[in-house]
Amino acid sequence: MDFKRTDFPENFVFGAATAAYQIEGHSFGGAGSTHWDTFAATPGNVVRTEDGAIACDHYHRYGEDLDLLVDAGMDAYRFSTSWARVMPDGKTANPDGLDFYDRLVDAMLERGLKPFQTLYHWELPSALADIGGWTNRDTTKYFGDFTDVITDRIGDRVHAIATINEPWCVAYLSHFLGHHAPGLRDIRAAARAMHHINLAHGEAMTRLRAKGHKNAGIVLNFDYCEPADDSADAKAASARQDAIFNRWFIEAITKGTYPAEALEGFAPHMPTGWEDDMAQISQPIDWLGVNYYTRHRLTADANAAWPGLRDIPGDLPVTQMDWEIFPKGLHAFLTRLSNDYVGNMPLFVTENGMAWADKVENGAVHDPERTQFVSDHIMAAKQAIADGANVQGFFYWSLLDNYEWAFGYEKRFGMVHVDFDTLVRTPKASYHALKAAIAR
Ligand code: FCB
């Protein structure tokens with residue numbers, strides 16, 4: 001890789017990220033049914049109708065997995081605590097679930113890894129899906145209660161807490177585009193989820209502050225968008241996409257407003273009195289997590305209902321997800337966020353990585369594409385620091401090949417290969433390359 005640890009500020013954190021449902025094995029330890037289990041069990045939603053029942057069996061193998069982070073010389077581990085494991089019905093604590101996260105956090109500390117916890121990485125308990133999930137305002141209060149219960153157990157030992165992972169995916173991808181659980185395609189449901197997920201963030205912040213927690217934030221995802229051509233229609237389409245994807249959440253959280261280009265579609269469907277929630281949503285946070293993967297080129301689709309967008313494929317090399325590789329977008333977001341929204345607040349790249357059809361051959365995985373990808377993106381973060389952004393860490397997505405949601409186990413994002421028949425872990429060449437770079 002083209003960088004070394006000493007190119008970065010002294011306390012810069014290198015780590016890797018995962019999420020509970022994608023790796024733990026949700027059939028273990030008394031976890032409750034989630035909307036991902038039922039979404040996956042419905043034909044047509046997930047490749048081969050695969051689910052997270054076993055996943056990487058991290059529930060039993062977490063020691064080995066944490067050792068992989070330590071062996072790579074990493075400083076931190078970004079993980080999530082499953083709501084449905086901690087509270088199988090969304091409301092009642094499961095002692096085995098709390099014990100698991102207690103052991104997991106202690107195991108990180110024993111190894112000198114800083115725990116970066118995410119409270120919600122998408123495994124909504126089915127009992128709450130039954131009452132409307134994120135379309136129902138009550139879910140935000142139950143999320144606050146979950147925040148209290150898990151924080152009372154491990155909050156004294158985690159280094160940082162993020163309330164929500166990628167609210168755009170929770171709300172828009174899942175309630176408007178229908179690609180993720182609960183698989184809705186309904187603008188009213190989407191508008192409510194777009195607001196309630198922000199309110200859930202605000203509610204969790206209120207609960208964390210009441211406990212005196214001082215290192216709490218949120219993880220947002222950003223997708224670079226460009227007009228596909230010079231036409232006014234394409235420019236307006238790109239601006240609408242930017243408002244829905246990139247501005248809706250950060251503006252609500254840092255300024256207490258929603259962008260006009262997005263409200264023009266959602267306003268008629270928003271829950272009554274949403275304006276009164278904006279103060280709670282925009283209370284101060286301590287850090288911002290930035291997930292970044294790719295760019296999209298947009299034009300208007302005159303035959304489609306609002307927001308009337310059409311993707312025009314670009315000509316950059318793509319990953320196994322068919323996502324274009326565009327490291328400049330990471331630099332652009334880190335500088336834009338610091339200039340327009342968060343100033344000097346610490347930024348962490350909480351996810352960046354790529355999927356590839358990796359294979360183990362003679363006991364090794366040759367993935368030069370990933371090594372280049374990671375190097376180019378870390379260099380983009382380095383340039384953003386030089387340009388004034390207060391970037392304090394980089395987490396590769398993901399430590400392990402895992403359950404990639406609607407793509408099942410087909411897309412391999414890991415720095416460590418997982419054989420899903422034997423569950424054997426094999427560090428890929430990119431893992432060794434990153435290890436060498438951060439040892440320098
Ligand atoms: C992000 C998710 C993560 C993983 C990566 C590839 O949107 O946060 O769980 O699926 O994309």
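**Entry 1: enclosed spaces**

I began with the enclosed spaces and counted two cavities of 30 Å³ or more, a cavity being, on a 1 Å grid over the protein atoms alone, a set of points where a 1.4 Å probe fits but cannot get out. This is a predicted model, in which local features need pLDDT of at least 70 and side-chain atom pairs count only at pLDDT 80 or more, while totals for chains, interfaces and linings use all residues. Residues are numbered from 1 along each chain as its sequence is written, and side-chain values use heavy atoms, with hydrogens and water left out.

The largest cavity holds about 80 Å³ of space; a volume here is the space filled by probe spheres set on the points, with grid points joined across faces, edges and corners. I listed its lining, meaning residues with an atom within 4 Å of a point, as H35, W36, Y120, W122, W134, C169, V170, S174, H175, H180, A181 and P182. Two elements, helix 2 (35–40) and helix 8 (167–175), give two or more residues to this lining, and helix 8 has the largest share with four residues. Helices (H or I, at least four residues) and strands (E, at least two) are DSSP runs numbered from the N terminus.

By class, I noted eight nonpolar, four polar and no charged residues in the lining of the largest cavity. In this scheme Ala, Val, Leu, Ile, Met, Phe, Trp, Tyr, Cys and Pro count as nonpolar, Asp, Glu, Lys and Arg as charged, and the others, Gly among them, as polar.

The second largest cavity has about 40 Å³ of space, and its lining is made up of T18, A19, A20, I23, E24, H58, Y77, F79, S80, Y101 and L104. Helix 1 (20–23), strand 2 (76–80) and helix 5 (95–110) each supply at least two of these residues, with strand 2 giving the most, at three. The classes in the lining of the second largest cavity are seven nonpolar, three polar and one charged.

**Entry 2: backbone points beside the largest cavity**

Two lining residues of the largest cavity, A181 and P182, are joined by a cis peptide bond with omega near 10°. I placed P182 in the loop between helix 8 and helix 9 (187–210). W122, which also lines the largest cavity, has a phi near 90°, a positive value in a residue other than glycine, and lies in the loop between strand 3 and helix 6 (126–129).

I also recorded a cis peptide bond between W306 and P307, with omega about 10°; P307 lies in the loop between strand 6 and strand 7.

**Entry 3: the ligand**

Next I looked up what surrounds the ligand, taking a residue as near if one of its heavy atoms lies within 4 Å, and found Q22, H121, W122, N165, E166, Y293, E351, W397, E404, W405 and F413. By class, this shell has five nonpolar, three polar and three charged residues. W122 thus appears both around the ligand and in the lining of the largest cavity.

For polar contacts (pairs of N or O atoms within 3.5 Å), I noted that an oxygen atom of the ligand is 2.8 Å from an N or O atom in the side chain of Q22. The corresponding distance from a ligand oxygen is 3.0 Å for the side chain of E351 and 2.8 Å for the side chain of E404. Taken alone the ligand exposes 290 Å², of which the protein buries 95%, the areas coming from the Shrake-Rupley method with a 1.4 Å probe.

**Entry 4: pockets**

The ligand sits in the largest pocket, by the rule that more than half of its atoms lie within 2 Å of the pocket's grid points; a pocket is an open set with protein on both sides within 12 Å along at least five of seven lines. The largest pocket has a volume of about 1,100 Å³, and W168, L173, D223, H296 and W323 lie nearest its centre among the 46 residues that line it. Helix 8, strand 5 (216–227), helix 10 (232–255), strand 6 (287–300) and strand 7 (309–311) each give two or more residues to this lining, and strand 6 has the largest share, with six. I sorted the lining of the largest pocket into 26 nonpolar, eleven polar and nine charged residues.

About 210 Å³ of space lies in the second largest pocket, which has 17 lining residues, those closest to its centre being N11, V13, P346, F348 and Q392. Strand 3 (114–120) and strand 9 (391–397) each supply at least two residues of this lining, which divides into ten nonpolar, five polar and two charged.

Notes. A polar contact is a pair of N or O atoms within 3.5 Å; within protein, one must be able to donate a hydrogen and the other to accept it, and residues adjacent in sequence count only if both atoms are side-chain atoms.
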